[in-house]
Protein chains: 2
Amino acid sequence: MTGYQHSSRILVALDCIIFGFDGEALKLLLIKRNFDPEFGKWSLMGGFLNADEDLHDAATRILFTLTGLQNNYLEQLQTFGAVKRDPVERTISVVYYSLVNIDDQDPLALKTHNASWIDLSNKPRLIFDHDQMVEAALRQLRYKAALYPIGFELLPEKFTVPQLQKLYEAIYNVKLDRRNFSRKIMATELLMGTGEKDLTSVTKKGQLFKLNKEKYQDYLNGYQSFLPEFTELSLS
Amino acid sequence: MTGYQHSSRILVALDCIIFGFDGEALKLLLIKRNFDPEFGKWSLMGGFLNADEDLHDAATRILFTLTGLQNNYLEQLQTFGAVKRDPVERTISVVYYSLVNIDDQDPLALKTHNASWIDLSNKPRLIFDHDQMVEAALRQLRYKAALYPIGFELLPEKFTVPQLQKLYEAIYNVKLDRRNFSRKIMATELLMGTGEKDLTSVTKKGQLFKLNKEKYQDYLNGYQSFLPEFTELSLS
DNA sequence: TAAAAATGTGTATGTTTGACACATAAATAG
DNA sequence: CTATTTATGTGTCAAACATACACATTTTTA
């Protein structure tokens, strides 16, 4: 609601949780701060909302600054607004999370911002309430990836079924049965065979697939759900 | 992220989507504005964030102002931040949604604010981007009610199984099979029989149940999901 | 070249969902 | 007050799905 007598104006920040996948584990793009406040500590990438900028545009800008990427999956997560969350000044932070292909981003931009990809399992303590943000983002990723096939945003354009399985095992931190997983994925009709084989990766077997874009859109639009039984794994 | 050179401070509003259930249909508590701007039009209840106030506390305050209720289910939904969403001044709005027992609230507070319960199906056009907010809230309610038994927040303390079924039919806008629904609900072990029968409502039959608080907590904590097959209905 | 590991396809079993039958209790119409 | 209609409570069955596991083939490694 708006239009009431104005209360005080408040600083609006954005923070981005950036997920990647290296074939084995889920990774986060984190910053070792070479600026104040909290110099030397780890944090998420963030920035402030400009007065003439849409919220989503601001998130896109911040993501672009760090990765050089522009067309990634980017979704608003939640807004954190405890009074003392930032000890320096009262600031609320609108948090976004993004899924990127870890191989695509700009290494120079990473170096400039002193950023690196960290295994989720090795995550250092982050400043302020950033740990809570990451926790919430992981929960949201787990929920969303169960109903929509957004996991593909973390993979290269072409990938094998076992690669995809490893991704889902990393997201949900479970071991899955190869045969059942394959059958289920194939039933979605989301994959199109390329005829090629994977010659690049360490494991040089397995047929390469890519996404069927139309089917993919159908799933994103919610005409059917992706792996609904995974919602069970999304809880807690 | 915080601690960068400050950009401009921005007005932070909150808007509340308040859901109720009258035994037949899902309802929204809406305001016919008797103040500017947009005098005479319908909107959500809202207000501004104070500088010394946690975000969630502000939402609680706004909900209390309108309903006189304090311990309702209240969850943050999303933050709306398009530059021109409020034509008067740049304002971002953090949106919360709440589930209340429609019989519990303070009729005086409603009158004071010119608020009334409106059937979701009869919702008038709302100001600004409030229609989008309602749409997002309904989607979130549908998702959440599938995995967690939060629907009970909309019912009185004691209720019958058919009442509960009507609620879920209203939330998901579907017709459900009485026998299958009953079986499934009973399997959750969430209901405790009171031995009483419903003598108050129009329909004077059916055993009255109340929530098993411990089981309820287990479900809220995500140790198991509530009606997972409903996630299918949450999509789109 | 042989052994080990990863891959692709297939089958059987238990559980869950969704469609439907029947009996009983309560409300309504005459 | 009684008959009819409506709402409620419990049960059964078949189809769909999830899970567990077997086997043959290909690729990698020793």
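Student: What turn lays chain A on chain B, and how are the two copies related?
Tutor: Chain A goes onto chain B with an RMSD of 0.0 Å, a shift of 0.0 Å along the axis and a turn of 180°. The copies are superposed by least squares on the C-alpha atoms of residues with pLDDT of at least 70 in both. The two copies are thus related as by a two-fold rotation axis.

Student: What kind of model is this?
Tutor: Residues are numbered from 1 along each chain as its sequence is written, and chains are lettered from A and ligands numbered from 1 in the order in which they are written. Side-chain values use heavy atoms, with hydrogens and water left out; local features need pLDDT of at least 70, side-chain atom pairs count only at pLDDT 80 or more, totals for chains, interfaces and linings use all residues, and the model is predicted.

Student: Why can we say that the copies meet through the same surface?
Tutor: Look at the contact, meaning heavy atoms within 4.5 Å. It takes 60 residues from chain A and 60 residues from chain B. The copies meet through the same surface because the share of interface residues of chain A that are also interface residues in chain B is 100%.

Student: What area do chain A and chain B bury between them?
Tutor: Buried area is the accessible area (1.4 Å probe) that two parts lose on being put together, summed over both. Carbon and sulfur atoms carry 57% of it here. The total is about 4800 Å².

Student: Which residue of chain B pairs with Arg9(A) in a salt bridge?
Tutor: A salt bridge needs a side-chain nitrogen of Lys or Arg within 4 Å of a carboxyl oxygen of Asp or Glu. The interface of chain A and chain B has two. In one of them, N to O is 2.2 Å, and the partner of Arg9(A) is Glu89(B).

Student: How many residue pairs are in polar contact between the chains, and which element of chain A supplies the largest share of its side?
Tutor: A polar contact is a pair of N or O atoms within 3.5 Å; within protein, one must be able to donate a hydrogen and the other to accept it, and residues adjacent in sequence count only if both atoms are side-chain atoms. The interface of chain A and chain B has 15 such residue pairs, both residues at pLDDT 80 or more. E1, E4 (45–48), E5 (73–80), E6, H3 and H7 (231–234) of chain A each supply at least two residues; helices (H or I, at least four residues) and strands (E, at least two) are DSSP runs, numbered from the N terminus. The largest share, five residues, comes from E1(A).

Student: How far apart are the centres of the two domains of chain A?
Tutor: Chain A is divided into domain 1 (11–146) and domain 2 (148–230), with bounds from an automatic or database domain assignment. The contact takes 18 residues from each of these domains. Taken over C-alpha atoms, their centres are separated by 26 Å.

Student: Which residue of chain A meets Glu24(A) in a salt bridge?
Tutor: Domain 1 and domain 2 of chain A bury about 1600 Å² between them, 64% of it from carbon and sulfur atoms. Across this interface there is one salt bridge. The side chain of Glu24(A) meets, at 3.3 Å from N to O, that of Lys166(A).

Student: Which element gives the most to the side of domain 1 that touches domain 2 in chain A?
Tutor: Six residue pairs are in polar contact between these domains. On the domain 1 side, strand E1 (11–21), strand E6 (91–99) and helix H3 (130–147) of chain A give two or more residues. The most, six residues, comes from H3(A).

Student: Where does Pro37(A) lie, and what is the omega of the peptide bond from Asp36(A)?
Tutor: Pro37(A) sits in the loop between strand E2 (26–32) and strand E3 (42–43) of chain A. Glu38(A) lies in the loop between E2 and E3 too, with a positive phi of about 65° although it is not a glycine. The bond from Asp36(A) to Pro37(A) is cis, with omega near -5°.

Student: Which residue just after H5(A) takes a positive phi?
Tutor: Start at the other end of H5 (178–187) of chain A: a side-chain oxygen of Asp177(A) comes within 2.9 Å of the backbone nitrogen of Arg179(A). Just after H5(A), a positive phi of about 60° belongs to Glu189(A).
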